[in-house]
Amino acid sequence: MAPEVIKGSNYDTMCDMWSLGVLLYIFLSGFMPFPAKKKEDLFIKVMDGRFNFKHREFDKVSEEAKDLISKLLVLNPATRLNAKQVLEHPWFEKFQ
């Protein structure tokens, strides 16, 4: 869940971009970027916005992929990549 949704803001496409960052993180590592057992703990971690690429699975992930994730998991939706920018990102362009 995007930080702005936790705050009670309206859901928009930038929330989807946050979700894309979470999904890429999970697909490429098999881990959650904000691991928690309770919903309340998850919300706290999401609102803090800190995640890392310390799992050894990320050793095999390209710097471009990690850069894309980092630019999607940005707390401020105004500075988060939008869909057009994602499609233009160097990692995503490899698949076009």
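**Entry 1. Salt bridges**

I began with charged pairs and counted six salt bridges. The model is a predicted one, and I kept that in mind throughout. I looked at three of the pairs in turn.

I took E4 and R80 as the opening pair. Their closest N and O atoms are 2.8 Å apart, and the two residues form a salt bridge. E4 sits in helix α1, which covers residues 3–6, while R80 sits in the loop between α4 (63–72) and α5 (83–88), so this pair ties together parts that are 76 residues apart in sequence. I then checked whether each partner is buried or exposed. E4 has a relative accessible area of 8%, which is under 20%, so I noted E4 as buried. R80 is at 2% relative accessibility and is therefore buried by that rule too.

Next I went to R50 and D48. They form a salt bridge, with 2.6 Å between the closest N and O atoms. R50 has a relative accessible area of 65%, over the 50% limit, so R50 is exposed. D48 is at 36% relative accessibility and so counts as partly exposed.

Last of the three, I looked up E57 and R56. Here the closest N and O atoms are 3.9 Å apart, and the pair is counted as a salt bridge. The cut-off is 4 Å, and I wrote the distance down with that in mind. E57 comes out as partly exposed at 28% relative accessibility, whereas R56 is exposed at 64%.

I added a general note for myself: side chains of opposite charge can pair when their charged atoms come close.

**Entry 2. Confidence**

I checked how far the model can be read. The protein chain has a mean pLDDT of 95, and 100% of its residues reach 70 or more. Which element has the lowest mean pLDDT, and which the highest? Helix α6, residues 90–93, has the lowest, at 88, and α4 has the highest, at 98. As a general caution, predicted coordinates should not be read in detail where pLDDT is low.

**Entry 3. The largest pocket**

I looked up the largest pocket and found about 200 Å³ of space in it. Its lining is made up of Y25, F31, M32, P33, F34, P35, K45, R50, F51, N52 and H55. I sorted these residues by type and got seven nonpolar, two polar and two charged. R50, one of the lining residues, is also the partner of D48 in a salt bridge.

I then followed Y25, another residue of the lining. Y25 is in helix α2. Its relative accessible area is 1%, so I put Y25 down as buried. Y25 and L68 are 43 residues apart in sequence, and their C-alpha atoms are 9.8 Å apart in space.

**Entry 4. S29 and F31**

I stayed with helix α2, residues 13–29, and looked at S29, which is found there. What does the side chain of S29 reach? It reaches the backbone nitrogen of F31, at 3.0 Å. S29 is buried, with a relative accessible area of 8%. F31 belongs to the lining of the largest pocket, which links this entry to the previous one.

I also took a distance from F31 to E63. The two are 32 residues apart along the chain, and 18 Å separates their C-alpha atoms. E63 lies in helix α4. With a relative accessible area of 58%, E63 is exposed.

**Entry 5. Remaining distances**

I went back to R80, in the loop between α4 and α5, and looked up its distance to S70. The two residues are 10 apart along the chain, and their C-alpha atoms are separated by 9.1 Å.

Finally I looked at Q96, which is found in the segment after α6. Is Q96 buried or exposed? At 63% relative accessibility, Q96 counts as exposed. From Q96 to R50, 46 residues apart along the chain, the C-alpha separation is 30 Å.

How values were computed. Residues numbered from 1 in each chain as written. Predicted model: local features only at pLDDT ≥ 70, side-chain atom pairs only at ≥ 80, totals over all residues. Heavy atoms only, no water. 1 Å grid on protein atoms, 1.4 Å probe; cavity = no way out; pocket = protein on both sides within 12 Å on 5 of 7 lines; lining within 4 Å. Points joined across faces, edges and corners; volume = space filled by probe spheres on them. Nonpolar A, V, L, I, M, F, W, Y, C, P; charged D, E, K, R; others polar. Salt bridge = Lys/Arg side-chain N within 4 Å of Asp/Glu carboxyl O. Helix = DSSP H or I, 4+ residues; strand = E, 2+ residues; numbered from the N terminus. Buried < 20%, exposed > 50% of the residue type's maximum accessible area, 1.4 Å probe, protein only. pLDDT = per-residue confidence, 0-100. Polar contact = N/O pair within 3.5 Å; in protein donor to acceptor, adjacent residues only side chain to side chain.
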